[in-house]
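Colleague: I have this chain open on my screen. Can you walk me through how it is put together?

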Amino acid sequence: MFKITEIAPGVRLVSVKTDKYKTAEINVAMALPMDEKAAANALLIKLLRRSCKAYPDFIEFNNRLAELYGASVSASVSKIGDAQVLSLHGSCLDDRFALDGEALTKEFVSLLTSLIFSPNVSGNSFGADNLAREKRLTIEEIREELDDKRVYAYKKCIEYMCENEPYGKPEKGTIEEVEKVKMNEVYAAWKRLLSTAIIQITAVGSVDDKEITKIFKTKLKKIDRQPCEIETIFLKKPQRFQRHEEKMLANQGKLVIGYRTGMENSKDNYYAEAVMADIFGGGTYSKLFTNIREKQSLAYYCSARLIASKGIVVVQSGIDSDKEKPVSAGIIKQLNEVRAGRFDDETLSASKKSIKESLTLVSPDVICSFYASQILEKEVLSPEDMAAGIENITKEEICAAASTMVLDKIFMLFAEPGEVDA
């Protein structure tokens with residue numbers, strides 16, 4: 001089981017004590033409102049990951065990680081609801097396997113906090129060369145994502161669907177926004193992060209939660225914390241239905257359809273929505289897979305995904321561009337089948353089993369990610385809690401969840417020959 005410790009205003013530790021693994025995982029997730037400062041925030045977390053005052057050189061910092069039995073640190077940027085989440089994720093050898101009883105986790109957490117609270121800053125600057133490098137790398141990441149046609153089509157649908165909502169913004173900003181970020185904006189982003197971000201530290205392993213709490217409290221005591229409030233917009237119905245299209249060099253068209261579920265928050269009717277979306281377009285037993293892909297051979301792939309943090313369901317399919325109309329009609333028909341309860345007990349059992357198996361967390365990093373993803377939730381749930389909720393859902397509740405789905409946006413990426421599809 002896990003334990004929650006409130007460390008400071010808007011800061012908590014979720015610790016999962018276990019001796020099943022050889023490594024300890026530490027994740028520091030920091031949530032800010034998704035806004036026009038997204039690009040500066042994204043560059044900031046990459047800069048923080050590289051060095052700190054104690055180890056200002058990237059080589060020195062990596063040597064320190066090597067001294068900690070090959071510990072590692074990575075940085076990531078993601079979206080959860082209308083929040084931008086900046087994360088530092090670290091892994092080190094569990095204390096039980098250290099030589100001479102070294103307190104590895106304590107030393108590693110101290111190093112992580114140094115990255116966040118004592119970065120390599122001189123005169124309000126992270127270094128012009130460092131910023132230029134992270135800009136270049138971030139722009140490369142954005143371009144790689146846009147070159148993936150499936151990712152591109154998905155993001156375009158979300159952009160159109162949530163064009164007047166923070167969720168419609170890209171989590172790293174646009175290429176143009178990244179290029180324009182100035183050093184003073186990154187420095188201001190760091191100060192804003194320390195004082196206003198909602199922070200969750202997630203620790204998995206034979207960790208000492210009291211020691212981790214002490215380390216963070218020491219770092220935070222000099223900071224005037226005024227945690228931000230992040231309210232995600234949940235629309236029960238779209239403002240208006242729209243269809244958008246583009247053409248791109250590819251061998252395969254991409255059809256993406258976005259639905260509003262009617263959820264009022266991330267926990268509202270969550271279990272029924274999760275099973276409904278899975279029966280609609282989850283595993284090989286789902287309506288979209290068995291009918292659109294297998295029986296009718298209308299798509300190369302066709303699946304549905306619930307994004308509970310935003311209360312939407314997104315259907316993605318790879319198709320021949322001239323089959324858009326029959327595929328769209330087929331997807332709508334299969335949703336109506338779920339609404340009408342035209343699925344058997346075997347399908348329902350298969351769906352519940354699949355979702356519960358996905359909640360069987362078999363590695364410390366997966367456990368860490370599971371709890372870290374609940375940073376915005378007031379009530380933190382265990383995998384066992386969620387599995388029980390899934391198991392108790394009835395067919396009638398699934399049909400009712402499907403009935404609240406409202407079509408919002410369609411994005412069609414037409415394929416033009418000339419390049420191998422990504």
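Modeller: What follows is a short exchange on a predicted model, taken sheet by sheet and then helix by helix.

Colleague: In what order do the strands of the open sheet of 5 strands run?

Modeller: Start from the edges. β7 (242–249) and β9 (301–307) each pair on one side only. The pairing in this sheet is mixed. The order is β7-β11-β8-β10-β9.

Colleague: Which strands does β8 pair with, and in what sense?

Modeller: β8 joins β10 (residues 312–319) through 8 bridges, antiparallel. Valine 256 stands opposite glutamine 316 there. With β11 (residues 406–416) there are 7 bridges, and valine 256 faces phenylalanine 411 in that strand. The partners are β10 and β11, and the sense is antiparallel for β10 and for β11.

Colleague: How many residues of strand β8 are buried?

Modeller: Take the two faces in turn. Gly253, Leu255, Ile257 and Tyr259 are buried on one side. Lys254, Val256, Gly258 and Arg260 are buried on the other. β8 is therefore largely enclosed by the rest of the structure, and the count is 8 of the 8 residues.

Colleague: Do β7 and β11 run parallel or antiparallel?

Modeller: Look at the register between them. Arginine 243 stands opposite isoleucine 410 in β11. The two strands are joined by 8 bridges, and their sense is parallel.

Colleague: Which helix packs on this sheet, touching β9 and β10?

Modeller: Neighbouring strands of the sheet are turned by 15° against each other on average, direction ignored. The helix spans residues 270–281, and its direction makes about 175° with that of β9. The helix is α9.

Colleague: Which strands stand at the edges of the open sheet of 6 strands?

Modeller: The order is β1-β2-β6-β3-β5-β4, with mixed pairing. Each edge strand has a single partner strand, so one side of each is left without a neighbour in the sheet. The edge strands are β1 (2–8) and β4 (72–80).

Colleague: Which residue stands opposite asparagine 27 in β6?

Modeller: β3 (residues 23–33) pairs with β6 (residues 198–205) in the antiparallel sense. That pairing covers 7 bridges. Opposite asparagine 27 stands threonine 202.

Colleague: How many residues are in the largest nonpolar core?

Modeller: Among the residues with the most contacts inside this core are Phe108, Phe126 and Ile212. Isoleucine 212 touches Leu13, Ile26, Val109, Ile201, Ala203 and Val207, leaving aside residues up to four places away in sequence. Apart from this core lies another, of 40 residues, including Ile257, Tyr259, Ala304 and Phe343. The largest core has 60 residues.

Colleague: What arc do the buried residues of α14 cover around the axis?

Modeller: The buried residues of α14 (residues 383–391) are Pro383, Met386, Ala387, Gly389 and Ile390. Their arc is narrow enough to put them on the same side of α14. What covers them includes α9, α12 (345–358) and α13 (364–372). The arc is only 160°.

Colleague: Is glutamate 134 buried or exposed?

Modeller: Glutamate 134 is found in helix α4 (residues 128–147). Buried means under 20% relative accessible area. Glutamate 134 has 4% relative accessibility, so the verdict is buried.

Colleague: What distance separates the C-alpha atoms of glutamate 134 and lysine 46?

Modeller: Along the chain, the two are 88 residues apart. Yet glutamate 134 touches Lys46, along with Leu43, Leu47 and Arg50. The C-alpha separation is 6.7 Å.

Key. Residues numbered from 1 in each chain as written. Predicted model: local features only at pLDDT ≥ 70, side-chain atom pairs only at ≥ 80, totals over all residues. Heavy atoms only, no water. Buried < 20%, exposed > 50% of the residue type's maximum accessible area, 1.4 Å probe, protein only. Helix = DSSP H or I, 4+ residues; strand = E, 2+ residues; numbered from the N terminus. Pairing = 2+ DSSP bridges. Core = buried A, V, L, I, M, F, W, Y, C linked by side-chain atoms within 4.5 Å. Contact = heavy atoms within 4.5 Å. Axes fitted to C-alpha atoms, helices over the stretch in contact; angles between N-to-C directions. Arc of directions from axis to C-beta.
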